[in-house]
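Reader: Could you take me closely through one part of this structure, residue by residue, and then set that part within the whole chain? I would like a connected account rather than a list.

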Amino acid sequence: MPAEYHCDSCNETFAESTVEGVIKRAAAHNHQHHDGPEAITPEIEAALRANVKES
């Protein structure tokens, strides 16, 4: 089932075939482009997961 994440900070949307794929991509994006932490903590994962939309 396709999933996507929209970054409100830069208006970019990422789509992957799985929720886990989107979370990994969104975490890397947040680290590289928005100075977020390198490690995905449970809190970061929960926040990203809450913003993933499945279609």
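Author: A good place to begin is a pair of side chains: that of His6 makes a polar contact with the side chain of Asn11, at 3.1 Å. This is a predicted model, and the distances given here are to be read as properties of that model.

The side chain of His6 is also joined to that of Thr13, by a polar contact of 2.7 Å, and so two polar partners can be named for this histidine, Asn11 and Thr13. When residues up to four places away in sequence are set aside, the residues that His6 touches are Asn11, Glu12 and Thr13. His6 itself belongs to strand S1, which covers residues 3-7, and because its relative accessibility is 31%, a value between the 20% and 50% limits, it counts as partly exposed. Farther along the chain, Ala26 is 20 residues away from His6 in sequence, with 8.5 Å between the two C-alpha atoms.

Asn11, on the other side of the 3.1 Å contact, is placed in the loop that runs between S1 and strand S2, the latter spanning 12-16. Its backbone deserves attention, since phi of Asn11 is near 60°, which is a positive value in a residue other than glycine. Asn11 counts as exposed because its relative accessibility, 60%, is over the 50% limit. The contact between the side chains of His6 and Asn11 therefore pairs a residue that is partly exposed with one that is exposed.

From this loop one can move on to strand S2, where Phe14 is found. With a relative accessibility of 5%, Phe14 falls under the 20% limit and therefore counts as buried. Leaving out its neighbours within four places in sequence, Phe14 is in contact with Ala3, Glu4 and Tyr5, and also with Val22, Arg25 and His29. Of these partners, His29 stands 15 residues from Phe14 in sequence, and the C-alpha atoms of the two are 9.5 Å apart.

His29 has its place in helix H1, and it counts as buried because its relative accessibility is 4%, under the 20% limit. Beyond four places in sequence, His29 touches Cys7, Cys10, Glu12, Phe14 and His34; Glu12 is also among the residues touched by His6. The side chain of His29 has a polar contact of 3.2 Å with the side chain of His34.

Asn30 is likewise found in helix H1, and its relative accessible area of 18% is under the 20% limit, which is why it is classed as buried. With residues up to four places away in sequence again left out, Asn30 touches Tyr5, Cys7, Asp35, Gly36 and Leu48. Tyr5 also appears among the contacts of Phe14, and Cys7 among those of His29.

Asp35, one of the residues touched by Asn30, lies in the loop between helix H1, residues 19-34, and helix H2, residues 42-50. Like Asn11, whose phi is positive, Asp35 has a positive phi, of about 55°, although it is not a glycine. Because its relative accessible area is 73%, over the 50% limit, Asp35 is exposed.

It remains to set this part within the whole. The chain has 2 helices and 3 strands, and, read from the N terminus, its elements follow one another as β-β-α-α-β. For 55 residues, a compact globule would have a radius of gyration near 10 Å, and the value of 10 Å for the chain agrees with this. The C-alpha trace spans about 30 × 25 × 15 Å along its principal axes. Of the 55 residues, 25% count as buried, and Phe14, His29 and Asn30 are among the residues in that class. Where contacts join residues at least 6 apart in sequence, 38% of them connect residues at least 24 apart. The accessible surface of the chain amounts to about 3,800 Å², and 49% of this belongs to carbon and sulfur atoms. Finally, the chain carries 4 positive and 10 negative charges, and the mean positions of the two sets are 5 Å apart.

How values were computed:
Residues are numbered from 1 along each chain as its sequence is written. This is a predicted model: local features need pLDDT of at least 70, side-chain atom pairs count only at pLDDT 80 or more; totals for chains, interfaces and linings use all residues. Side-chain values use heavy atoms; hydrogens and water are left out. Helices (H or I, at least four residues) and strands (E, at least two) are DSSP runs, numbered from the N terminus. Buried means under 20% relative accessible area, exposed over 50%, partly exposed in between (1.4 Å probe, protein chains only). Contact means heavy atoms within 4.5 Å. A polar contact is a pair of N or O atoms within 3.5 Å; within protein, one must be able to donate a hydrogen and the other to accept it, and residues adjacent in sequence count only if both atoms are side-chain atoms. The radius of gyration is taken over C-alpha atoms; the globule rule is 2.2 Å times the number of residues to the power 0.38. Accessible areas come from the Shrake-Rupley method with a 1.4 Å probe; for residues, only the protein chains shown count as cover. Lys and Arg count as positive and Asp and Glu as negative; His and the chain ends are not counted. The place of a charge is taken as NZ of Lys, CZ of Arg, CG of Asp or CD of Glu.
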